[in-house]
Structures are given as C-alpha cells and as structure tokens.
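Please open the model in your viewer and keep the selection tool at hand. The tour moves from one selection to the next and says what is there at each stop.

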Amino acid sequence: MKGLYCRAAVSDAEPKFVIQETTLSDVLGRHQVRVQVKACGLSPLDFKLLSDIGLQRDLIPVGREVAGVVLQVGSKVSLCQPEDEVVGILPLDSPWSGLCDVIDVEEHYLVQKPEKLSSVCVAASLRDGLCAYTALHTIAHMAAGHTLLVMDGASSLGLMCIQLACYHGVKVLTTSNSPQEHTFLEELRPSVARVIPVYNGSSDLLSQVLEETGGLGVDILVDAGVRLLEDDKTEETLKLPHKHDIISILGVGGHWVTTHQALQLDPPDCRILHLKSASVSFLNPEMWTASSALQGRYLHILKDVVEKMSTGVLRPQPEEAVPLYQATVAMETVQCQQRKKAVVQL
C-alpha cells in the first residue's frame with residue numbers, strides 16, 4: 001500500500017513530496033476503525049507547528065481530510081459499523097497518509113457522512129467548515145443581529161463564514177480581491193450587505209465599513225492576513241488590511257479573529273482595544289485535537305458542519321478532483337501557495 005509523505009527540508013531547501021510504501025498492523029485497536037479512503041483533501045503543511053509540538057519526523061504524512069467507507073471496527077467502537085460512510089480529519093500525530101488506500105483511525109475523529117453528500121466535496125471543504133464554525137461560534141460567539149466583516153470572502157474559508165453567518169441572521173460585509181470575485185460575491189444568495197473591493201487601491205475599507213455600520217463598527221471581524229507595516233506595499237500585501245484599520249473597524253466589545261500567527265500589537269494598539277473592550281483571538285483549527293477534553297464538542301461540530309453541507313446551508317465552491325498519480329504535483333502547488341486547496345479522488 002502506498003501513501004504520500006513529505007521528506008522534511010534541510011535548512012532553506014524546498015520540502016520534497018514522495019510516494020512511500022506502508023503497511024497496516026494486522027491487529028486493529030479496540031477503539032480504532034479501518035477505513036477505505038475514497039477522497040482526501042490536501043492542505044499546506046505547517047512545519048513550524050509540527051516542530052513546536054515535537055512532531056518532527058523524517059517522513060511527514062500528507063493528506064488529513066478524508067472521506068471513505070468503514071471496512072472493520074475494533075471491539076469497543078460504538079459510533080460506526082462496517083459499510084458506514086464516514087468523514088474526518090486525521091490528527092497531527094497520525095502515522096498514515098490520507099492518500100493510503102486503507103487507514104486505521106480512532107473512532108472519535110470520524111462522523112457519519114450523509115448519503116447525498118459526495119466524498120470529494122466533503123473532503124475538499126471539511127477543514128474550512130471547521131475553521132468557520134470555530135471562528136464564529138467558538139471564538140466570537142456569533143448571534144443574530146451581529147455585524148460581521150469577512151476578509152477575502154471568495155476564498156473557501158471566507159465563503160463558509162459568509163454562509164454560516166447568513167444562516168444565523170448576521171449582517172455580513174465582505175471584501176473582494178478582483179473584479180471576478182466582486183461579481184461572484186454580489187450574486188451570492190443569501191446576499192451580503194456590502195461587497196468592498198480592495199484590489200488596485202480601489203476603496204477605503206475603513207470608511208466604507210463605518211458608513212455601512214453608522215459609525216459603530218463591526219461586532220466580529222475574520223481576517224485573511226494582516227499588513228503589519230505601513231511601508232509594506234507589495235502587490236499581495238496591499239490587499240491586506242493594516243492592523244490599525246482592523247482595530248478602528250471593530251465596534252465596542254468586538255471580536256477580531258485572526259489567522260496571522262506572528263501578529264504584533266504596539267501599546268497604542270492595545271490601548272484602543274482596551275478602550276473598546278475588544279478582543280483578539282487566534283484561529284488555530286488544530287486546537288480540537290490538542291486536548292481530549294474537547295473531543296465531544298469537536299465531534300458535534302464536525303457532525304453539524306457535514307449536515308449543513310448536506311442540506312445546502314453551506315455550499316462550498318466545487319473543487320475539481322485530481323487522480324492519485326497527480327497527487328505529488330498537486331501537493332507541491334498547494335504547499336507553495338500557488339493554489340489554496342486540492343482534493344484527490346482514490
């Protein structure tokens with residue numbers, strides 16, 4: 001059996017993705033489930049995170065968002081049975097690549113997949129659905145009547161945030177990074193309150209948000225990156241809001257949910273946040289598998305995300321599946337940020 005693994009880079013060398021032979025144990029653990037994988041989503045590897053938590057290995061398994069069919073269950077498994085269709089996200093310390101034909105995984109990382117939801121669709125979007133749920137419900141405590149600003153609304157995560165917020169009666173503002181994205185976001189249903197273009201220096205984000213909210217600011221802001229320095233004005237960073245603008249956009253008691261791992265706030269920034277009694281939270285979807293105390297809530301969230309996909313509340317953009325023999329090339333493009341997501345059909 002073959003799987004896709006990453007050979008850790010030495011110094012500044014590019015990581016190398018290789019197909020490696022692997023075998024399953026003959027004995028299945030009491031709480032383990034043996035799954036035949038049908039589709040697997042590919043996301044960039046966070047080498048720094050793996051190093052920080054002591055998971056440095058010569059070969060790092062690639063592909064963690066999986067959808068498949070249960071072949072066999074351990075003696076203590078109670079959440080699924082053979083022939084069930086399941087989906088889940090493999091933990092960071094899993095020895096298996098999601099691109100293996102068959103994998104063994106603990107039952108509390110899996111939930112049932114609705115029959116009418118395709119394996120490719122759920123494998124491609126499960127992680128972003130989990131991130132959106134974590135950002136809006138767990139961190140920001142979203143409620144009907146709130147106002148939300150989603151940066152880069154046409155991204156997979158941005159789209160999930162918009163759809164989840166609209167479902168709960170939240171007023172949504174978002175930004176677009178190109179004319180094509182602007183048109184796409186304006187045609188979304190349910191519709192957003194305003195789409196703000198941020199390409200080619202075409203608008204003043206702060207003034208438009210304050211105009212839309214009557215000068216009060218937003219209750220929740222989910223960013224897609226932050227520009228920390230005023231003189232950082234490359235083509236890509238110009239699309240990102242400056243941290244001062246984000247803080248100014250927040251209303252009293254607002255929540256800023258950031259994906260920026262190295263965010264730096266100066267004393268004047270903290271002073272403004274203090275005056276507004278606003279908060280900054282970091283979005284790290286790996287939090288759910290970092291502690292066994294969160295497993296029950298984690299399974300509830302995964303189940304709710306999958307059900308909302310099945311009923312059409314969450315409608316991810318279709319992702320074209322690539323065959324297994326193209327997985328190495330696909331992962332290289334994902335890792336170097338040439339594309340944000342890929343999904344492999346086995």
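A residue is called buried when its relative accessible area is under 20%, exposed when that area is over 50%, and partly exposed in between, with a 1.4 Å probe and protein chains only. This is a predicted model, in which local features need pLDDT of at least 70 and side-chain atom pairs count only at pLDDT 80 or more, while totals for chains, interfaces and linings use all residues. Residues are numbered from 1 along each chain as its sequence is written, and side-chain values use heavy atoms, with hydrogens and water left out. Helices (H or I, at least four residues) and strands (E, at least two) are DSSP runs, numbered from the N terminus.

**First stop: an aromatic pair**

Select Trp288 and Tyr298, both of which are buried. Rings of Phe, Tyr and Trp (its six-membered ring) count as a pair if their centres lie within 6.5 Å, and the pair is stacked with planes under 30 degrees apart, edge-to-face over 60 and tilted for the rest. A search of the whole structure finds 1 aromatic pair, and Trp288 and Tyr298 form it as a stacked pair, with 6.4 Å from centre to centre and 20° between the planes. Trp288 lies in the loop between strand E14 (279–282) and helix H8 (295–311), whereas Tyr298 lies in helix H8, so the pair ties together parts that are 10 residues apart in sequence.

**Second stop: the cavity**

Keep Tyr298 selected, and add Arg64, Ile89, Arg127, Leu130, Pro285, Glu286 and Thr289, which together with Tyr298 line the largest cavity. On a 1 Å grid over the protein atoms alone, a cavity is a set of points where a 1.4 Å probe fits but cannot get out, and lining residues have an atom within 4 Å of a point. The structure holds 1 cavity of 30 Å³ or more, and about 40 Å³ of space lies in the largest cavity, a volume being the space filled by probe spheres set on the points. The lining divides into 4 nonpolar, 1 polar and 3 charged residues, where Ala, Val, Leu, Ile, Met, Phe, Trp, Tyr, Cys and Pro count as nonpolar, Asp, Glu, Lys and Arg as charged, and the others, Gly among them, as polar.

**Third stop: the loop between E9 and H3**

Now select Ser155, in the loop between strand E9 (147–150) and helix H3 (156–167). Is Ser155 buried or exposed? Ser155 counts as buried because its relative accessibility is 13%. Its side chain reaches the backbone nitrogen of Gly158 at 3.0 Å.

Asp152 is found in the loop between E9 and H3 as well, and at 9% relative accessibility Asp152 counts as buried. The phi of Asp152 is positive, about 55°, although Asp152 is not a glycine. Most residues other than glycine have a negative phi, and most peptide bonds are trans.

**Fourth stop: two further backbone features**

Select His141, in the loop between helix H2 (119–139) and E9, where phi is near 50°, a positive value in a residue other than glycine. His141 counts as exposed, because its relative accessibility is 53%. Then go to Pro190, in the loop between helix H4 (179–186) and strand E11 (194–197); the peptide bond from Arg189 to Pro190 is cis, with omega near 0°.

**Fifth stop: the cysteines**

How many disulfides does the structure hold? There are 0 disulfides, a disulfide being a pair of cysteine sulfur atoms within 2.5 Å. Select Cys80, which is buried at 9% relative accessibility; the closest cysteine sulfur, in Cys40, is 18 Å from the sulfur of Cys80, too far for a bond. Select Cys166 next, which is buried with a relative accessible area of 17%; here the closest cysteine sulfur belongs to Cys161, at 11 Å, again too far for a bond.

**Last stop: pairs along the chain**

Leu4 is found in strand E1 (residues 2–7) and counts as buried at 1% relative accessibility. Select Pro61 along with Leu4: the two are 57 residues apart along the chain, and their C-alpha atoms are separated by 6.5 Å.

Finish with Thr23, in the loop between strand E2 (16–21) and strand E3 (32–42), which counts as exposed at 66% relative accessibility. The C-alpha atoms of Thr23 and Asp58, 35 residues apart along the chain, are separated by 17 Å.

Methods. On a 1 Å grid over the protein atoms alone, a cavity is a set of points where a 1.4 Å probe fits but cannot get out, and a pocket is an open set with protein on both sides within 12 Å along at least five of seven lines; lining residues have an atom within 4 Å of a point. A polar contact is a pair of N or O atoms within 3.5 Å; within protein, one must be able to donate a hydrogen and the other to accept it, and residues adjacent in sequence count only if both atoms are side-chain atoms.
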